[in-house]
Amino acid sequence: MADWHRTACSLCYLNCGLEVQLDGRKITRVRGDKEHPRSAGYLCQKAQRLTWYGDHEDRLTTPLRRRPDGTHEPIDWETALTEIAAKLHEVRAADTAAGRPGSFAYVGGGGQGNHSGGAYGASLLKWMNSTRHFNALSQEKTGDFWVNGQMFGSTSVHTAEDVEHCDLLVVLGCNPWQAHGFSNARHALNTIKNDPSRKMLVIDPRRTETAEIADLHLPLRPGTDAYLLGAILALLLERGGADAEFLAARTEGFGEVAAVLAKVPVDEWIAHAEVSRVDVERAVDLMLEARAMVVRVELGIQQGRHSTLNSYLEKLLYLLTGHFGRQGTNNLHSWLLPLWGSTTGQRSEVTGFEYIGGLLPANTLAEEILTEHPNRVRALWVESSNPANTFAGTKDVERAIRAAELSVVVDIAYTETAALADYVLPAASQHEKWEFTLFTFEWPTNYFQLRRPLLDPLPGTLVEAEIYTRLFDALGVLPASDVLASLAAGPREDLQAGLGALVQAMPERAAILPVLLYRTLGASLPDGAASIAPLWAGCQRAAKSMTVPVQRALGSSATGPALGEELFDRILAGPTAFSAHQQDEVWSLMRRERVRLAVPELLDWFAALDPDAERPDPAFPFSLLNGQRRAHNANQILRDPRWRRTDPDGALRARPEELASIGAAAGDWVAVVTAAGRVVVRAEEDPGLRPGQLALPHGYGMAHPDGHGGRVVSGPRINLLTDALDRDPIAGTPHHKDVPARLEPATDEERARAEADSTRVRETVVSGR
């Protein structure tokens, strides 16, 4: 019997604990880790297909350099890093000579389950004297972060949901049955469904799997969330739903908010959302009757119309009613290491957008490169990301990558972005190295899992820490190897002073402290765990900033550096709790004395909402949900189409009568047309969609080897349909969940080409494992 190895899933940010069996380099069996302190054996269908992540024909095993004709040639590591270092020096020196901000852009920080490279990539960004950082969070979540900063005092103060203990779960713009988003989601949903004392309210245009089991479903028209939430809030206050005691004790600005809500034309806004006033009153009844209400949201509102305003209104739902900071409500959570930073007010010189949590909007990457502005981006570095497929406006993103003076991709596979880059550097997969995720979103006890490698790195690949360290060596920034070896051999308590001396000798080394930790502390870590050395600094920080919760989690009486060392040792040993708070300590995580309810920019935005200004465009009468989560789609790390058991073509879902309106039926090829582009897709009937709504899945549109020396694209590249300028005015996040579109019959030529590509993909699947 093969041994079981502990690891964790990397397909959503819950990162549930798993156990796997191996046959050579293949993961052959997957089960939930029953001993995992948080997920306790939970397993969804996507995790069972993890073998397809790192075991496929598109893996990179040698550095690549782009030829003049656009193709790539293999080169050795020394050549690649020497040439890249020379070009980086040129860019940095030109920036310094011109007195301009660093013109280097970093797209990365890790995928869903591999955050270890982020500290090293951020070091390169700092060394290049630049701040231009883009990643998936700034494509999805920064509007929510901005609201947190306004209300709770810092963008790094982040909310959590105690679904386990609530008696009313409000699901807003998401489908936890497929997208999960909280621990043991399907089990939790079924538990609520089967308990007559607990209720569930779903606000979502589509009749999702979650809506099917809810007590009440409000199927609002896409893009009208702000109107419906505004009407619900107005009715809650009208019916005495404000928690006066909580508001007086913990908040400020209620009077200003109440004055704006009192002016809401409730019936007009409910009609604009196209839901029943009777059902809205029932929703308000559920909220008024709740002892402990929790609101769960996701990209349905965070990538919808008025997205930053939506994030504000969903927080007002639980704050005005006092469902915050108690068991079974929304709370805050601790961090081992914050996954994003604080907001300082800095703005892009090119687009004017604010850096939120230290991040620029992903939607603005192409603008930062293609502009004539003197402070444009000249060098682009992409790590564990695929902006050519995942950022809005694919055509402009591709043009921008080609236009950069230097473009480098660090990845495990030959992605669409890699295919355009000047240099491609092959990384080890997350199953071939020590790895972790910083998605630590639990309350009141928070957990961390450090994952051991399951396999040796493929020959020719390197872990990100080693890639960056060798690059900094080529850049001439690293101290001599004997100096680093001496520090590594010395006592750990002397390490901080030793690193300080290295920085004093060359101040620019302050940017590369993670690299210095890798080459010093890392050398002393067991079983090749050197790349996770920056976690030691995170453990020391956590022990210092929340001593008592860390002591509780560990059952320890240690303090100071000794507590940090104990926490680091515990993390090295396996999944563990790293903080355990008592309920009333949630307020210690705030960065303001009181929650700030009145945010002027958002109240002005809310007061200016006008249904007449937001009627559908007759040229694009449908609302396209562009990036739906389904049973067999996941993030872009699962590139090989052989992992899919269903939906191999990434079908367009539409109501039967709406397909019939263009003479189409299930199985036909149809064209989805937006102002940005046209994509031909297989049609599938879905009567659960609202009239006027279409849906395409994310996670498709990736090219892979066809087995005959060519490449074939599997499913739709959905960002050919999106416009990077169709975005939130504060956060710049795209309106992916409400893209104006129309349906057209595919031409004979389009049908033939689509059918041929689909056949090639299916032949690859049949001929594979």
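# Close-up views

**View A. Strands β4 and β5 pair in the antiparallel sense.** Welcome to this predicted model. Strand β4 covers residues 64-66, and three bridges link β4 with β5. To find one of these contacts in the view, look for Arg65: its bridge partner in β5 is Glu73.

**View B. An open sheet is built from seven strands.** Stepping back from the pair, you can follow the order β5-β4-β17-β16-β15-β6-β7, with mixed pairing. Which strands stand at the edges? They are β5 (72-74) and β7 (132-134); each has a single partner strand, so one side of each is left without a neighbour in the sheet. From one strand to the next, the twist averages 20°. Helix α1, residues 77-98, packs on the sheet. The strands touched by α1 are β4, β6 (104-107), β15 (379-383), β16 (406-411) and β17 (423-426). The direction of α1 makes about 130° with that of β17.

**View C. Another open sheet has three strands, in the order β1-β2-β3.** Here the pairing is antiparallel. The strands β1 (5-8) and β3 are at the edges, and each of them pairs on one side only. The twist averages 40° from one strand to the next. Four bridges hold β1 against strand β2 (residues 17-23) in the antiparallel sense. On this side of the view, Arg6 has Glu19 in β2 as its bridge partner.

**View D. Strands β2 and β3 make a hairpin.** Two residues lie between these strands, and in the turn Gly24 shows a positive phi of about 65°. β2 and β3 run antiparallel and are joined by six bridges. Glu19 appears again here, with Arg31 as its bridge partner in β3. You can also pick out Val20, which stands opposite Val30 in β3. How much of β2 is buried? Six of its seven residues are, and the strand is mostly covered.

**View E. Ala40 is a residue with a positive phi, although it is not a glycine.** Its phi is about 50°. To locate Ala40, follow the loop between β3 (26-32) and β4. Is Ala40 buried, exposed or partly exposed? With a relative accessible area of 47%, Ala40 is partly exposed.

**View F. His306 also has a positive phi in a residue other than glycine.** The phi of His306 is near 60°. His306 sits in the loop between α13 (299-302) and α14 (307-320). Its relative accessible area is 12%, so His306 is buried, a word that applies under 20%.

**View G. A cis peptide bond joins Trp443 and Pro444.** The omega angle of this bond is about 5°. Look for Pro444 in the loop between β18 (435-436) and β19 (445-448). Trp443 turns up again in the next view, as a contact of Val586.

**View H. Val586 is a buried loop residue.** This valine is found in the loop between β21 (576-580) and β22 (595-596). Val586 has a relative accessible area of 1%, so it counts as buried. Which residues does Val586 touch, not counting those up to four places away in sequence? They are Gly325, Asn331, Leu332 and Trp443. Ser334 is another residue to look for: Val586 and Ser334 are 252 residues apart in sequence, while their C-alpha atoms are 9.0 Å apart in space.

**View I. The second largest pocket has a volume of about 500 Å³.** How many residues line the second largest pocket? There are 23, and Val679, Val680, Gly715, Ala754 and Asp757 lie nearest the centre. Elements that each give two or more residues to this lining are β26 (678-685), β29 (711-714) and α27 (748-767). The largest share comes from α27, with seven residues. Sorted by character, the lining of this pocket has eleven nonpolar, three polar and nine charged residues.

Terms used:
Residues numbered from 1 in each chain as written. Predicted model: local features only at pLDDT ≥ 70, side-chain atom pairs only at ≥ 80, totals over all residues. Heavy atoms only, no water. Pairing = 2+ DSSP bridges. Axes fitted to C-alpha atoms, helices over the stretch in contact; angles between N-to-C directions. Contact = heavy atoms within 4.5 Å. 1 Å grid on protein atoms, 1.4 Å probe; cavity = no way out; pocket = protein on both sides within 12 Å on 5 of 7 lines; lining within 4 Å. Points joined across faces, edges and corners; volume = space filled by probe spheres on them. Nonpolar A, V, L, I, M, F, W, Y, C, P; charged D, E, K, R; others polar. Buried < 20%, exposed > 50% of the residue type's maximum accessible area, 1.4 Å probe, protein only.
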